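Visitor: Before we discuss any details, could you bring up the model and take me through its charged pairs?

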Amino acid sequence: MGIDEQGVRPITSITEDAAPFQLRAASLTLLTLKVVNPADPEFFPRLATMLSLAPGFYRNAPIVLDLSATGLRPPCDLVEFCARIKEMGIIPVGIQRANAAWERAAALAGLPPFPTGRATDAQPVAKEPSKAASGTRILSEPVRSGQQVYAHKGDLIVLGAVSHGAELLADGHIHVYGPLRGRALAGMSGDKSARIFCRALDAELVSVAGLYMVSEQLDPALHGKPAQICVDGEALVQQAL
């Protein structure tokens, strides 16, 4: 860029590529931790047990604290509470469904309020599947590693294969008509009647209504075979189809 005879450098327009940042809307899926009684002495031991079932899945995962079940309990020290949660390898990033007292305590802890809807993980999302009126989503293409697809208030039907590193989420059932090699989480809204069906079971992680199994816990006799995953009482069970 030249300088004119008066020693003044001309001003040029700033293009989008030259801007130091870009602010854009994004759709993210975050895990939620529903807090019922943070003062319960079993809270952290039981949380540690749950996280130990899938350490890779939860490691450094951002979570939102769902405070809808705290009722009229006075707020705990959220700074200390979140510090203990971070020690376990998950990162609180906000709150939702909180009353005014909990919101004030959260503000002091630097936790902003989140809307009650879901957001998706900042990974590439699979192409938009077809959607039935009920909320069920049908995905005709394979779900590849790093992709994630979520069926909100409905079932998720995948007609192809699900690769390692891919993730399926649904408030209802999950049906996979090809090999299931990634992660499948059904009953995300807490529906224990939800099930996972697949033609060939080779999953990294399966979950129904918050109950988890990782690959090491799956029955070797079902590997590569048609199977279903469901909840029986308080346990997650696997059965041949």
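Guide: Arg183 and Glu167 are a suitable pair to begin with in this predicted model, and both residues are buried.

Visitor: How far apart are the closest N and O atoms of Arg183 and Glu167?

Guide: Arg183 lies in strand β10 (residues 183–186) and Glu167 in strand β8 (residues 167–170), so the pair ties together parts that are 16 residues apart in sequence. The two side chains form a salt bridge, and their closest N and O atoms are separated by 3.1 Å.

Visitor: Which residues are joined into one network by salt bridges that share partners?

Guide: Arg183 also forms a salt bridge with Glu204, where the closest N and O atoms are 3.5 Å apart. This second pair links distant parts of the chain, since Arg183 belongs to strand β10 whereas Glu204 sits in the loop between β11 (196–201) and β12 (205–208), 21 residues apart. Salt bridges with shared partners therefore make one network of Glu167, Arg183 and Glu204.

Visitor: Is Glu204 buried or partly exposed?

Guide: Buried means under 20% relative accessible area, and Arg183, at 16%, therefore counts as buried. Glu204 has a relative accessible area of 26%, so this residue is partly exposed.

Visitor: Which residue forms a salt bridge with Asp66?

Guide: The partner lies in the loop between β3 (90–96) and α4 (100–108), 31 residues from Asp66, which is itself in strand β2 (residues 61–66). Asp66 is buried at 7% relative accessibility, whereas its partner is partly exposed at 41%. With the closest N and O atoms 3.2 Å apart, the residue that pairs with Asp66 is Arg97.

How values were computed. Residues numbered from 1 in each chain as written. Predicted model: local features only at pLDDT ≥ 70, side-chain atom pairs only at ≥ 80, totals over all residues. Heavy atoms only, no water. Salt bridge = Lys/Arg side-chain N within 4 Å of Asp/Glu carboxyl O. Helix = DSSP H or I, 4+ residues; strand = E, 2+ residues; numbered from the N terminus. Buried < 20%, exposed > 50% of the residue type's maximum accessible area, 1.4 Å probe, protein only.
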